Amino acid sequence: MTVRTRFAPSPTGYMHIGGMRTALFCWLWARHNRGQFILRIDDTDQQRNIDAALVPILDAFRWLGLDWDEGPEVGGPHAPYFQSQRRDLYDAALNKLLDSGKAYRDFEVPEDTQAQREAAEKEKRVYVSSRASLALTKDETEKLIADGKPFVVRLLVPRADKVAINDHVRGQVEWDCSLMPDPVVARSDGSPLYNFATVVDDAALEITHVIRAEEHLPNTPIQVLLHRALGNKTPEWAHIPYVASPGSKEKMSKRKIDKYRTNPQFQKMFELGDQVLSRIGIDPKSDALSPVMVAYYREVGFLPAGVLNSLVRLGWSLDDATEFFTLDDMKRKFSLERVIKSAAGLDPDKMLSFQAHWMSQLPADQKLDGCLPFLKKAGLIDDENDPATRARVASVIELAADRLRVFGDIFQLDEFFVADADLKIDDKNFQKRVVKPETAVDLLRDLRKRLAEVVDFASAPLHDLLQSFAAEKQVKVGDVFPAVRLCVTGKAQGADLFRSLELLGQECVLRRMDRAIGLAESQRAS
RNA sequence: GGCCCCAUCGUCUAGUUAGGUCUAGGACAUCGGAUUUUCAUUCCGGUAACAGGGGUUCAAAUCCCCUUGGGGUCACCA
């Protein structure tokens with residue numbers, strides 16, 4: 001039998017990173033078995049702009065390279081793939097349930113049901129449905145329907161039964177039906193509820209494996225019962241652990257983003273994000289984008305490979321040593337049997353380390369193509385297609401080497417793109433290495449003269465020049481190099497100083513030294 | 001609170017299905033040291049865990065029970 005898995009997001013306007021991990025596992029299991037992966041949109045309760053709310057979700061899949069065999073845009077033999085458009089199927093199933101007596105119309109007003117629920121809770125009693133409407137005769141029921149009395153349809157839970165599943169990750173899990181209230185399957189307007197629509201669709205789409213997050217475990221007995229009542233073959237289950245917030249066992253949630261900001265384990269991610277996003281015109285403090293969303297990582301300049309590798313290692317491992325996986329590796333090696341049971345916290349540190357690894361593997365031209373849009377968005381370059389610009393950016397990237405972990409890191413070398421007048425200088429270090437030392441300014445002034453005389457303004461000769469300059473002045477290189485760096489890049493540390501000088505070019509270096517010397521002088525005077 | 005799930009270094013995990021080779025392995029983080037003009041990288045090395053208690057057994061991280069702790073979920077949401 002062909003393996004068919006599905007991921008069924010509701011259109012919320014963003015793709016949750018934890019949901020993405022679930023989707024990845026679904027996709028992997030389907031691909032591993034040469035089966036099909038289906039995307040179904042669970043939009044049974046939202047009416048408004050589904051299309052717009054769906055875009056970020058599909059974009060996330062596309063960005064990561066996870067394709068779907070059936071679903072939005074691609075269609076398929078079981079189209080449509082939007083629950084809002086499959087109402088006739090639910091209606092038919094509902095009638096089947098009603099006709100067979102497996103479900104009943106419940107005329108109890110919601111307030112009464114609610115009151116019973118509360119009373120039971122108060123008395124520490126298990127709440128089960130009153131089933132008062134079940135006592136109605138057929139005539140009475142028809143009268144109520146004719147009178148337009150509202151009702152919901154509930155599944156008649158077989159209270160004597162037990163439900164047991166053999167979960168692919170959790171093993172045997174059992175529930176006692178005598179403890180279950182009769183679940184509503186259709187609202188008073190006749191529309192289906194999640195559990196019902198899901199069961200109808202999973203059966204219709206011939207889903208063989210329902211792989212979803214652990215939080216759905218309590219839904220499972222209801223769904224099993226529904227499948228049984230409908231006469232379906234029940235799918236196999238795999239309840240994978242949810243993704244927890246860093247350093248905790250709590251499910252990661254969009255609503256807790258403010259709390260995460262103060263989480264020390266999350267700090268590094270927010271710092272990186274804030275720094276990059278603020279450069280490209282996105283408000284880092286806005287709720288519109290945060291590390292719980294897949295889009296965040298794209299905007300900050302992560303590679304799909306890095307994100308994918310992080311996600312797959314959350315709750316799954318191949319063995320005791322392998323850490324790096326390409327999508328293709330995962331596809332070949334993934335198995336549900338090796339999915340762990342406990343919740344795994346997202347680890348920003350490790351995520352960044354995976355990212356750094358995959359960035360280091362990326363060919364230079366792809367690094368270039370990745371960085372260009374960031375520089376463009378930040379207004380640091382004008383034309384992404386201009387050959388001279390591309391060449392310069394390529395040089396900077398080469399110079400940056402492993403300092404470039406995410407594309408957004410290119411902003412750490414913004415000194416190569418800003419106008420001299422706009423160069424920001426790290427004041428604290430400038431004071432320490434240029435303004436305060438007695439001889440620093442004189443030294444720099446002398447050095448500036450020498451630099452002006454250089455004919456071959458290249459890294460190696462510049463290195464020699466600075467070195468011999470320090471020797472000649474009988475000062476340590478540590479008194480010269482950092483000062484020069486501060487003057488021309490504005491930073492206390494960074495990429496190779498001499499290659500930086502070469503890349504900046506003689507004229508620029510001289511201008512920046514003049515500017516810095518002037519600045520230091522005026523500060524010394526005051 | 002009911003139901004259900006989970007429990008190995010700070011974190012992600014290997015080891016648990018078939019008890020011994022586990023004085024518990026790897027990775028990230030961290031701390032040292034080497035390399036380096038700074039930072040980063042790289043390389044070497046260190047610190048660091050079987051939640052607790054009972055069983056079963058010659059032998060338990062591994063099997064059983066209890067306790068504790070953590071978490072998920074309890075809608076005419078998905």
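In the predicted model, 73% of the contacts in chain A between residues at least 6 apart in sequence join residues at least 24 apart. The secondary structure of chain A comprises 21 helices and 11 strands. Three domains are assigned within the chain: domain 1 spans residues 87–240, domain 2 residues 362–417 and domain 3 residues 420–525. Between the C-alpha centres of domain 1 and domain 2 the separation is 56 Å.

The overall dimensions of chain A were examined next. Its radius of gyration is 31 Å, whereas a compact globule of 526 residues would have a value near 24 Å. Along the principal axes, the C-alpha atoms occupy a box of roughly 110 × 50 × 40 Å. Buried residues account for 50% of the 526 residues in chain A. The exposed area of the chain is about 24400 Å², of which 50% is supplied by carbon and sulfur atoms. Chain A carries 72 positive and 78 negative charges, and the mean positions of these two sets are 3 Å apart.

Several backbone features were found in loops. Most residues other than glycine have a negative phi, and most peptide bonds are trans. In the loop between α2 (50–64) and α3 (87–99), which contains P80, the peptide bond from A79 to P80 is cis, with omega near 0°. E73 also lies in the loop between α2 and α3; this residue is not a glycine, yet its phi is positive, at about 75°. E73 counts as exposed because its relative accessibility is 62%, above the 50% cut-off. A positive phi of about 55° occurs at K124, likewise not a glycine, in the loop between α4 (110–122) and α5 (138–146). K124 is exposed, its relative accessible area being 78%.

Conventions
Residues are numbered from 1 along each chain as its sequence is written. Chains are lettered from A and ligands numbered from 1 in the order in which they are written. This is a predicted model: local features need pLDDT of at least 70, side-chain atom pairs count only at pLDDT 80 or more; totals for chains, interfaces and linings use all residues. Side-chain values use heavy atoms; hydrogens and water are left out. Domain bounds come from an automatic or database domain assignment. Helices (H or I, at least four residues) and strands (E, at least two) are DSSP runs, numbered from the N terminus. The radius of gyration is taken over C-alpha atoms; the globule rule is 2.2 Å times the number of residues to the power 0.38. Buried means under 20% relative accessible area, exposed over 50%, partly exposed in between (1.4 Å probe, protein chains only). Contact means heavy atoms within 4.5 Å. Accessible areas come from the Shrake-Rupley method with a 1.4 Å probe; for residues, only the protein chains shown count as cover. Lys and Arg count as positive and Asp and Glu as negative; His and the chain ends are not counted. The place of a charge is taken as NZ of Lys, CZ of Arg, CG of Asp or CD of Glu.
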